[in-house]
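Work through these exercises with the structure at hand. Try each task before reading its solution.

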Amino acid sequence: MNKLFQTGDGSNSLMSEQFGVSYHSKHGAVQETQHVFIDAAFNHLSQTKIKILEIGFGTGLNALMTLHSNRMAKKQVEYVAVEAYPIAMETVDSLDYHTILKDKTLETVLKTMHQLDAHVPTEIESNFKFEKRIMLFEDIDESNEYDIIYFDAFAPNAQPELWDIELLSKMYRALRKGGILTTYCAKGQVKRNLKSLGFTIESIPGPPGKREMTRAKKPL
Ligand SMILES: C[S@@+](CC[C@H](N)C(=O)[O-])C[C@H]1O[C@@H](n2cnc3c(N)ncnc32)[C@H](O)[C@@H]1O
């Protein structure tokens with residue numbers, strides 16, 4: 001069972017029993033998602049039709065905050081979230097993200113995301129199509145599909161195999177030209193791996209508690 005804990009900005013996260021690491025920054029789960037994925041990726045691209053691949057659905061916070069941001073942005077979003085080890089529904093109920101995000105309607109949205117049948121794209125709200133895929137990241141095999149990849153795997157010290165060339169080359173292939181991958185990780189070896197695959201790398205300021213993060217672009 002994953003253990004619930006409160007992060008520095010008051011939002012909850014989980015400590016993974018299986019991998020021995022937390023699902024989000026201890027400095028703040030909500031502020032990390034806002035900074036690394038919503039601001040550095042979702043709000044960064046100006047196009048109005050966006051297809052997103054999330055590497056690690058986990059608690060569902062990234063998906064929930066993307067949907068929440070899109071109520072203002074009104075882009076046409078297709079969101080594919082990949083996860084091999086879904087969390088228990090009773091854990092989902094304890095996350096309480098709708099309170100910190102000050103929007104009661106998000107409670108039902110998060111439950112829906114977790115309860116939907118896997119591998120069935122569903123319009124869960126206008127302009128927001130969501131699909132959860134229960135599978136290993138290693139089995140992703142798509143080409144030129146996505147504008148954005150939220151690369152939110154557990155850190156390289158916990159799961160080094162997810163940050164090496166093999167999986168990152170699948171990410172490169174899955175992105176469309178001009179597409180971006182963002183991650184909280186700023187490790188030199190990871191940036192070198194991304195660069196060797198053809199990505200253009202930007203090191204940009206990280207969320208509170210982290211000096212840098214990475215945005216990688218597949219050239220046009
Ligand atoms: C950092 S957490 C993701 C946090 C998530 N984005 C959120 O908003 O809560 C990493 C996730 O990757 C999942 N995972 C780990 N190894 C995996 C693999 N090989 N294939 C698919 N999922 C994996 C874990 O179960 C965990 O949910």
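**Exercise 1.** Place K74 and find out whether K74 is buried or exposed.

*Solution.* Step one: K74 is found in the loop between helix 2 and strand 4. Helices (H or I, at least four residues) and strands (E, at least two) are DSSP runs, numbered from the N terminus. The model is predicted: local features need pLDDT of at least 70, side-chain atom pairs count only at pLDDT 80 or more, and totals for chains, interfaces and linings use all residues. Residues are numbered from 1 along each chain as its sequence is written.

Step two: count neighbours. K74 has 10 other C-beta atoms within 10 Å, so K74 is exposed. The cut-offs are 20 or more for buried, 12 or fewer for exposed, and partly exposed in between, with C-beta atoms placed from the backbone.

Step three: check phi. For K74 the value is near 50°, positive in a residue other than glycine. Most residues other than glycine have a negative phi.

**Exercise 2.** Do likewise for H119: where is the place of H119?

*Solution.* H119 sits in the loop between helix 5 (105-115) and strand 5 (122-125). Its phi is near 65°, again a positive value in a residue other than glycine. H119 is exposed, with 11 other C-beta atoms within 10 Å.

**Exercise 3.** Give the strand order of the open sheet, then name the strands at the edges.

*Solution.* The eight strands run 5-6-4-3-7-8-10-9, with mixed pairing. Two strands pair if DSSP finds at least two bridges between them. Strand 5 and strand 9 (200-205) each have a single partner strand, so one side of each lacks a neighbour in the sheet.
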